[in-house]
Amino acid sequence: MKNTTTKQQQKKQQDDNSSSSERQQKDTYKNGRELKEVKNVKEFITTTTSERLDCDSIQFYQNNFGIIRPQISEEIVKWVEDLGDPLIVEAMKRSLDRNKPTWGYVKSILQSWINKGIRTVEQADAEEVEYKNKQANKATYSKQSQSQEVLPEWFKNREEQEKHHINKKPSIEDTARTIELAIKLKRSRENILESIDDRYNLSEEDIASIRDGKCSAIDILLEQLKLSVAGEP
């Protein structure tokens with residue numbers, strides 16, 4: 001009887017040991033699988049972050065602005081995700097051209113473009129040309145509207161020379177380019193007329209024809225000049 005009890009205890013111990021071994025194998029397998037999953041996630045995060053930080057905008061910043069802080073690099077990555085590398089780099093180039101090499105100024109340029117609906121470098125270039133033409137026209141109008149004073153003849157001659165060189169009106173080719181870029185930016189007729197020489201007067205039909213590709217801006221401008229010359233006495 002005693003031998004039977006001992007055998008039963010030994011068998012139970014063996015069964016317990018076997019169950020414990022199986023549980024340990026399962027736990028080891030489970031832990032190994034989880035460890036592998038964690039490792040894969042870490043590798044994914046590291047690779048993704050490295051790829052994002054290797055974008056053209058960050059490289060351009062480091063080469064031209066200096067050492068980049070983590071906060072700025074994160075902001076640049078977010079801007080790149082929204083607008084793309086080319087536009088961010090273009091904004092940085094303009095901040096350098098204007099002798100304002102700071103990330104804060106770059107952000108002000110980008111925010112201004114967003115407010116104006118600009119999403120490509122081409123649109124940014126068109127907006128720049130339009131702005132410069134408006135400024136040139138305003139300067140010309142302001143000088144013409146000043147009250148006439150009695151001035152010495154030599155001063156008048158000098159003033160005329162300055163007008164000829166400084167306030168020279170844009171060529172017909174430049175004006176045509178301004179019109180086409182403004183149409184791409186979906187500017188209104190009033191805005192387009194403000195940005196070009198007052199010798200030309202585009203109608204809504206003219207703008208629609210240029211937009212639809214039926215004719216070019218320079219063709220319409222040349223036609224208007226012909227009519228203007230034919231109508232002179």
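Of the 233 residues in the protein, 26% are buried. The model is a predicted one. The protein exposes about 17,000 Å². Carbon and sulfur atoms supply 50% of that area.

The secondary structure comes to 11 helices and 0 strands. Read along the sequence, the pattern is therefore α-α-α-α-α-α-α-α-α-α-α, with helices counted as DSSP runs. Contacts were also sorted by sequence separation. Among contacts with a separation of 6 or more, 57% join residues 24 or more positions apart.

The largest nonpolar core has 25 residues. Those with the most contacts inside this core are Tyr 61, Ile 76, Met 92, Trp 103, Leu 110 and Trp 113. Four helices each supply at least two residues of the core: H2 (56-64), H3 (70-83), H4 (85-97) and H5 (103-115). Apart from this core lies another, of 14 residues. Its members include Ile 172, Ile 179, Ile 183 and Leu 202.

Trp 113 was examined for its neighbours. Residues up to four places away in sequence are not counted here. On one side of the sequence, Trp 113 touches Leu 87, Glu 90, Ala 91 and Arg 94. On the other, Trp 113 touches Ile 118, Arg 119, Ala 124 and Glu 127.

Helix H8 covers residues 172-184, 13 residues in all. From its first C-alpha to its last, H8 reaches 19 Å. That is close to the 18 Å expected at 1.5 Å a residue. Several residues of H8 are buried, including Ile 172, Ile 179 and Ile 183. These three also belong to the core of 14 residues. Thr 175, Ala 176, Thr 178, Leu 181 and Ala 182 of H8 are buried as well. H8 is followed by Lys 186, whose phi is positive, near 60°.

A pair of aromatic rings is described by the distance of the centres and the angle of the planes. The count comes to 1 aromatic pair. Tyr 61 and Phe 65 form this pair. The centres lie 4.8 Å apart, with 10° between the planes. The pair counts as stacked because planes under 30 degrees apart are classed that way. Tyr 61 has a relative accessible area of 8%, so Tyr 61 is buried. Phe 65, at 18% relative accessibility, also counts as buried.

The structure holds 0 disulfides. Cys 55 is buried, with a relative accessible area of 10%. Cys 215, at 25%, is partly exposed, because buried means under 20% and exposed over 50%.

Technical notes
Residues are numbered from 1 along each chain as its sequence is written. This is a predicted model: local features need pLDDT of at least 70, side-chain atom pairs count only at pLDDT 80 or more; totals for chains, interfaces and linings use all residues. Side-chain values use heavy atoms; hydrogens and water are left out. Buried means under 20% relative accessible area, exposed over 50%, partly exposed in between (1.4 Å probe, protein chains only). Contact means heavy atoms within 4.5 Å. Accessible areas come from the Shrake-Rupley method with a 1.4 Å probe; for residues, only the protein chains shown count as cover. A nonpolar core is a set of buried Ala, Val, Leu, Ile, Met, Phe, Trp, Tyr and Cys residues joined through side-chain atoms within 4.5 Å. The expected span of a helix is 1.5 Å times one less than its number of residues. A disulfide is a pair of cysteine sulfur atoms within 2.5 Å. Rings of Phe, Tyr and Trp (its six-membered ring) pair if their centres lie within 6.5 Å; planes under 30 degrees apart count as stacked, over 60 as edge-to-face and the rest as tilted.
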